[in-house]
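Here is a short report on aromatic rings and their neighbours. Please look over the sequence and the model before reading on.

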Amino acid sequence: MHDMVTAAPSAGTDTHCPYCALQCGMTLRPVTKSVPEGEGAGVGARLEVVSRPAFPVNKGALCGKGRTAPAVLATRARLTEPLVRRRAGGELEPATWEEALSRTAAGLDGARRAHGPDAVGVFGGGGLTNEKAYALGKFARLVLGTSQIDYNGRFCMSSAATAGTRAFGLDRGLPFPLADIPRTGCVVLVGSNLAETMPPALRYLTELRNNGGSLIVIDPRRTRTAEQADLHLAPRPGTDLALALGMLHLVVAEGRLDQDFIDARTTGWPETRSAAMAHWPELVEHLTGVSVPELRQAVRLFCDPEHAMVLTARGPEQQSKGTDTVSAWINLCLATGRAGRPLSGYGCLTGQGNGQGGREHGQKADQLPGYRKLDDPAARAHVAEVWGVDPAVLPGPGRSAYELLDALGQDVKALLLMGSNPVVSAPHAAHVEQRLRSLDFLAVCDVVLSESAQLADVVLPVTQWAEETGTTTNLEGRVLLRRKAADPPAGVSTDLGVLNALAARLGWEKGFPAEPEEVFDELRRASAGGPADYSGITYGRIAAEDGVFWPCPEPGPYESAATHPGTPRLFLDRFATPDGRARFAPVTHRPAAEEPDADYPLRLTTGRVLAQYQSGAQTRRVDTLNAAAPGPFVELHPQLAGQLGVADGDRLAVVSRRGRAVAPARVTAGIRPDTVFMPFHWPGEGRANNLTNPALDPLSRMPEFKTCAVRVEPA
């Protein structure tokens with residue numbers, strides 16, 4: 001498929017990559033030369049990616065996924081007409097939009113009338129634009145009247161968001177621009193393999209080291225990212241919390257506290273100190289497998305320079321104690337004065353393309369636009385006024401993502417699924433697939449016939465990133481504008497158009513415009529005064545300024561500035577808590593929800609590979625990417641391979657209490673002998689999420705993707 005990248009032209013459409021939370025800048029222009037037979041020969045527009053070096057986040061650099069992104073527009077797998085299942089057990093068949101929309105409206109409304117509004121569920125995605133996420137939440141709460149809405153971002157950043165809000169009063173992935181990273185003295189990177197998950201970001205770590213700073217990578221695997229580190233710590237999966245507590249213990253014992261910062265800008269230190277002192281280095285070595293000398297070296301590298309940062313990703317977050325684990329790393333920053341100051345702080349490397357904006361504007365179970373809380377009377381009153389309804393009609397908080405999926409076919413009878421593929425991406429995936437099959441009605445909006453769409457009663461074909469305009473918010477909190485570069489295939493609608501048409505059929509002729517800028521203008525009003533205030537941001541400003549950092553309120557009538565400048569750096573003067581102080585959290589280590597035993601003696605951890613993305617619904621349709629990463633594998637240490645009598649490439653079965661997955665062995669010394677790794681991008685017999693544990697964090701409701709007990713045997 002066509003994946004050409006050329007030098008910047010004088011013409012083209014400036015936009016952003018559809019994949020990860022970097023939201024790399026690129027320019028798209030139509031392909032003017034012929035494409036070889038079999039490449040890009042589908043129904044959509046053929047575009048080529050052009051370097052956009054002026055955009056500050058990636059400065060023209062792109063990974064293979066970004067370079068090949070236009071291929072998905074033109075894939076033969078593209079959906080170009082609605083599909084309906086006209087009888088139970090029948091096949092999906094082509095239909096008109098009128099039939100498909102009428103069936104969808106009837107399926108959702110029928111469940112609501114028969115069983116009540118909470119019998120209808122809505123499941124969104126962290127890849128939806130801000131406009132779509134906002135409209136989806138509004139549609140669920142007003143048109144359907146249901147509390148049962150959540151999204152797949154719950155599986156990504158929710159633990160970091162919960163911990164950040166608990167400590168700082170506000171969640172934004174990075175409280176500083178990426179450009180600050182090379183200027184700090186040390187970065188502790190916890191559970192991130194950004195060399196493969198967001199490759200253009202690696203240059204920030206390379207520049208850090210070139211500037212004399214140090215990099216500590218914490219990961220049970222020696223990844224491409226870990227190979228760049230000054231110090232690589234390889235703890236057992238599920239023990240990151242103990243590791244952070246051990247480092248804080250040493251900070252106290254070695255007299256490395258910033259007591260002035262603690263006294264002036266924090267609360268809760270005495271209880272947190274007591275909790276940390278119960279985790280002495282030798283105990284932490286026993287729990288984690290990280291030696292005491294390595295712990296001491298990590299503390300020295302982190303504390304010796306004037307500035308330092310801790311950045312976490314899914315490794316510590318996707319645990320049943322993910323919130324407390326992130327809190328322990330935040331505690332380390334606060335205790336050493338490495339927060340709320342230039343070139344220092346804690347940040348989360350948000351994963352999905354709009355993982356940040358997607359969790360701000362209403363598609364979460366407990367949330368209203370502007371990162372407002374659904375159970376806050378003032379928030380309900382403000383949003384209800386924007387929507388022109390009585391606050392009393394807004395439902396309360398609903399189930400979290402996995403709990404919603406687990407309730408399908410039982411309490412929840414009908415589901416609208418948009419921008420997600422839980423058959424591949426959810427934990428305990430075989431169970432989730434069974435729950436989807438048990439629904440009375442399932443409607444899916446997607447660009448291809450994903451594994452989840454294959455189970456639907458109605459499939460609605462929708463546009464992709466380059467065929468529509470909308471905003472996203474990257475991991476820095478920079479609100480960006482994706483511009484339409486091509487027309488979609490005939491027979492394809494936008495997601496906003498789908499919501500507009502369904503709302504009209506369900507009695508809401510107004511309030512759900514299909515024009516994205518009109519939706520964004522309403523989002524601005526709804527977010528005004530909230531934690532994630534977008535009211536001072538417009539499409540014109542985003543285009544002129546290469547993005548605007550929130551919060552960015554609209555200046556009041558008596559303020560001198562014509563526009564608020566946006567907020568690239570948070571917390572420099574005060575934290576977003578009522579008293580302006582950051583809050584320590586007195587956390588203690590506890591085991592994973594499922595520890596190895598005689599029947600399941602190993603630990604499984606899961607993750608991504610360079611050439612695929614999330615559930616693979618898009619990237620698995622790109623020939624270039626499939627050639628680089630054709631299928632799943634089981635990564636294991638040579639010592640374990642020897643015990644099992646298997647060689648590289650042999651088929652292995654990985655078995656947990658929930659299921660089984662089969663894939664070829666990949667033998668490497670870059671993983672702990674007590675741990676195996678599988679990427680989660682594929683369905684079928686190699687579906688890694690057959691194995692994963694849906695045990696939930698009690699605060700964030702994050703499932704424990706990153707560790708579970710398994711056994712491995714020749715298949």
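The sections below cover aromatic pairs, a cluster and charges over rings.

## Aromatic pairs overall

This model is predicted. A search of the whole structure finds 12 aromatic pairs. Two of them are described next.

## Phe520 and Tyr539

Phe520 and Tyr539 form a tilted pair. Their centres are 5.4 Å apart, and the planes meet at 45 degrees. The pair links distant parts of the chain. Phe520 sits in helix 19, residues 516–527. Tyr539 belongs to helix 20, residues 539–545. The two residues are 19 residues apart.

Are these rings buried or exposed? Phe520 has 0% relative accessibility, so Phe520 counts as buried. Tyr539 has 7% relative accessibility, so Tyr539 counts as buried.

## Phe633, Phe677 and Arg666

Phe633 and Phe677 also form a tilted pair. The distance is 6.2 Å centre to centre, with 50 degrees between the planes. Phe633 lies in the loop between helix 21 (623–628) and strand 25 (634–636). Phe677 is in strand 28, residues 675–679. The pair therefore ties together parts that are 44 residues apart in sequence.

Phe633 and Phe677 are buried. Phe633 has a charged partner as well: the charged end of Arg666 sits over the Phe633 ring, 3.6 Å from its centre.

## A cluster and another charge over a ring

One aromatic cluster is formed by Phe139, Trp508 and Phe512.

Which residue lies over the face of Phe302? That residue is Arg338, at 5.5 Å from the ring centre.

Note on methods:
Residues are numbered from 1 along each chain as its sequence is written. This is a predicted model: local features need pLDDT of at least 70, side-chain atom pairs count only at pLDDT 80 or more; totals for chains, interfaces and linings use all residues. Side-chain values use heavy atoms; hydrogens and water are left out. Rings of Phe, Tyr and Trp (its six-membered ring) pair if their centres lie within 6.5 Å; planes under 30 degrees apart count as stacked, over 60 as edge-to-face and the rest as tilted. Helices (H or I, at least four residues) and strands (E, at least two) are DSSP runs, numbered from the N terminus. Buried means under 20% relative accessible area, exposed over 50%, partly exposed in between (1.4 Å probe, protein chains only). A charge sits over a ring if NZ of Lys or CZ of Arg is within 6 Å of the ring centre and within 35 degrees of the ring normal.
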